[in-house]
Amino acid sequence: MRNKYIESFEKAQVADKNIPDFRAGDTLRVAVLIKEGDKQRIQNFEGICIARRGEGTGETFMVRKIGANSVGVERIFPIYSDSIENITVLRKGRVRRSKLFYLRGLRGKAARIKELKKK
Amino acid sequence: MEYIVEKIGMSRTIAVPSVPVTLLKVVEAKVCEVDESKRAIVAYASGKKMNKAIAGQQKKYDLSAEFNRFVTMDVVNAEAGALDTAPLSEAKNLKVSFNSKGRGFAGVIKRHGFAGGPASHGSRFHRHGGSIGNAEWPGRVQKGRKMPGHYGNAKVTVKNDVVSFDAENGILAVKGAVPGANGAMGRVRIVK
C-alpha cells in the first residue's frame, strides 16, 4: 500500500484527467502533443497496447505498431502526462495475459489479436 | 527560518517535463521560548522517549505529554505557541538536512568511488584501494588518504527547489532527492 500523503499528492494531479478504461491487447490511438519551437501540433500513434505498468503518476503503457517496411515500433507513454492529448480505444482485444511481449516474436497473421466479444 | 520535517517518499509530477519530487511532512511543533534574534526553543513529538528532564521541560512550558523532543532553531513567531508555517508558502529554495542512510564499514569503492579492478583474467586486484603511499621517503602515509571506514549516518545538507506546499496537510514537495530513509526526521531551512 502506498503512503496516504503520496496518494493524495498524486490524486490531486490526475483528478481532471479522463483516461478511458483499457488493458493490454486493446488497439489504441494516442494523440501526442508535439512542440516545435513556438508551434505545437498533434501526432497520432496507433497500435496495440502490449503492457501497462507502474502506479500513480508514474504509470505508463506501451504501444506497439508495425511501421514502414514492417519494422516494429514501440513507444512508452506515461498515462497521465500532459503531453498526451487523448487516448481512444479503437478495439478491445481478447488476450489471456497482461504483458504481450510474445507479439515481438510474431509477424503477419500470427501477430493478430481476436476482438473481445461482448456477452 | 527552520522547520522539522519527516521524509515521506518520492513521486513525480505529470507536467512536461515531469519533475521528480520528494514529499516532506512538516511536523507539528510548539514554540516554547523566543529571544529577540528569533532563536527559539521548539518542541515536537517523535517516538516515546521520556525521562525526568523532558517531563520537567514539559511542565515548564505547559506542553502535552507527546511533545518529547526539544531543539533550538530560527522561527518567525514573536511569542510562544504553535509554530508559524506561513513563510513556507512563499519559499522558493530550501536547504534540507537529514542524516544519510548508514552503510556501516564500507570499502573504498562504495565510500570514495574508486574504480576497482577487473573481476577476472587473473588480475588479483578486485575491490581494494591499492597502494597507499610512497617508499622510505616520506616513510608515512599522507594525511587525508582515502581508505575504507564508516560511511553514512552523517548529517548531509542539500539544496532543493520548492515545487508546492499544501498548508492544510503540511505537505512540502521539493524537487529532486533528499538524503536519508523514508520516515526519517530532518530539518529544512528557507534560503529564499
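The following questions and answers walk through a predicted model with two chains, A and B.

Trainee: How many helices and strands are there in chain A, and which pattern does chain A follow along the sequence?

Mentor: Since this is a predicted model, we read its elements as the computed assignment gives them. Chain A holds 1 helix and 5 strands. Read along the sequence, these elements of chain A come in the order α-β-β-β-β-β.

Trainee: Which residue in the turn between strand 3 and strand 4 of chain A has a positive phi?

Mentor: Begin with the two strands, where strand 3 (residues 60-66) and strand 4 (residues 72-78) of chain A pair in the antiparallel sense over 7 bridges. Within that pairing, Val63(A) has Arg75(A) in strand 4 of chain A as its bridge partner. The two strands of chain A form a hairpin with 5 residues between them, and the residue in the turn with a positive phi, of about 60°, is Asn69(A).

Trainee: What percentage of the residues in chain A is buried?

Mentor: Burial is judged by counting neighbours, and a residue is called buried if 20 or more other C-beta atoms lie within 10 Å of its own. The C-alpha trace of chain A spans about 45 × 40 × 25 Å along its principal axes. Of the 119 residues in chain A, the buried ones make up 14%.

Trainee: Turning to chain B, what radius of gyration does chain B have, beside that of a compact globule of 192 residues?

Mentor: Along its principal axes, the C-alpha trace of chain B spans about 65 × 50 × 30 Å, and buried residues make up 19% of its 192 residues. For a compact globule of 192 residues one would expect a radius of gyration near 16 Å, whereas the value for chain B is 22 Å.

Trainee: What distance separates the centres of domain 1 and domain 3 of chain B?

Mentor: The domain assignment of chain B gives domain 1 in three pieces (6-26 + 86-102 + 152-192), followed by domain 2 (27-84) and domain 3 (106-130). Taken over C-alpha atoms, the centres of domain 1 and domain 3 of chain B are separated by 35 Å.

Trainee: Which strands stand at the edges of the open sheet with the order 5-4-3-6 in chain B?

Mentor: This open sheet of chain B has 4 strands with antiparallel pairing. Inside the order, strand 3 (residues 29-34) and strand 4 (residues 39-44) of chain B run antiparallel and are joined by 5 bridges, with Ala29(B) standing opposite Tyr44(B). An edge strand has a single partner, so one of its sides is left without a neighbour in the sheet, and in chain B the strands placed in this way are strand 5 (69-74) and strand 6 (81-82).

Trainee: With which strands of chain B does strand 1 of chain B pair?

Mentor: Strand 1 of chain B is joined to strand 2 of chain B by 7 bridges, the two running antiparallel, and there Ser11(B) stands opposite Val21(B). Strand 1 of chain B also pairs in the antiparallel sense with strand 12 (residues 185-190) of chain B over 5 bridges, where Ile4(B) stands opposite Arg187(B). The partners named here are therefore strand 2 and strand 12 of chain B.

Trainee: Which element of chain B gives the most to the side of chain B that touches chain A?

Mentor: The contact between the chains involves 14 residues of chain B and 15 residues of chain A. Three elements of chain B give two or more residues to this side, namely strand 1 (2-12), strand 2 (20-26) and strand 11 (171-175). By class, this side of chain B has 7 nonpolar, 5 polar and 2 charged residues. The element that gives the most, with 4 residues, is strand 1 of chain B.

Trainee: Why does helix 1 of chain B lie largely in the open?

Mentor: Helix 1 of chain B runs over residues 52-61, and just after it Asp62(B) takes a positive phi of about 60°. The helix lies largely in the open because, of its 10 residues, the number buried is 0.

Trainee: Does Asp166(B) count as buried, partly exposed or exposed?Mentor: Asp166(B) has its place in strand 10 (residues 155-166) of chain B, and its C-alpha atom is separated by 35 Å from that of Asn51(B), which is 115 residues apart along the chain. With 18 C-beta neighbours inside 10 Å, Asp166(B) counts as partly exposed.

Methods:
Residues numbered from 1 in each chain as written. Chains lettered and ligands numbered in written order. Predicted model: local features only at pLDDT ≥ 70, side-chain atom pairs only at ≥ 80, totals over all residues. Contact = placed C-beta atoms within 7 Å. Nonpolar A, V, L, I, M, F, W, Y, C, P; charged D, E, K, R; others polar. Pairing = 2+ DSSP bridges. Domains from an automatic or database assignment. Rg over C-alpha atoms; globule rule 2.2 N^0.38 Å. Buried ≥ 20, exposed ≤ 12 C-beta atoms within 10 Å, placed from the backbone.
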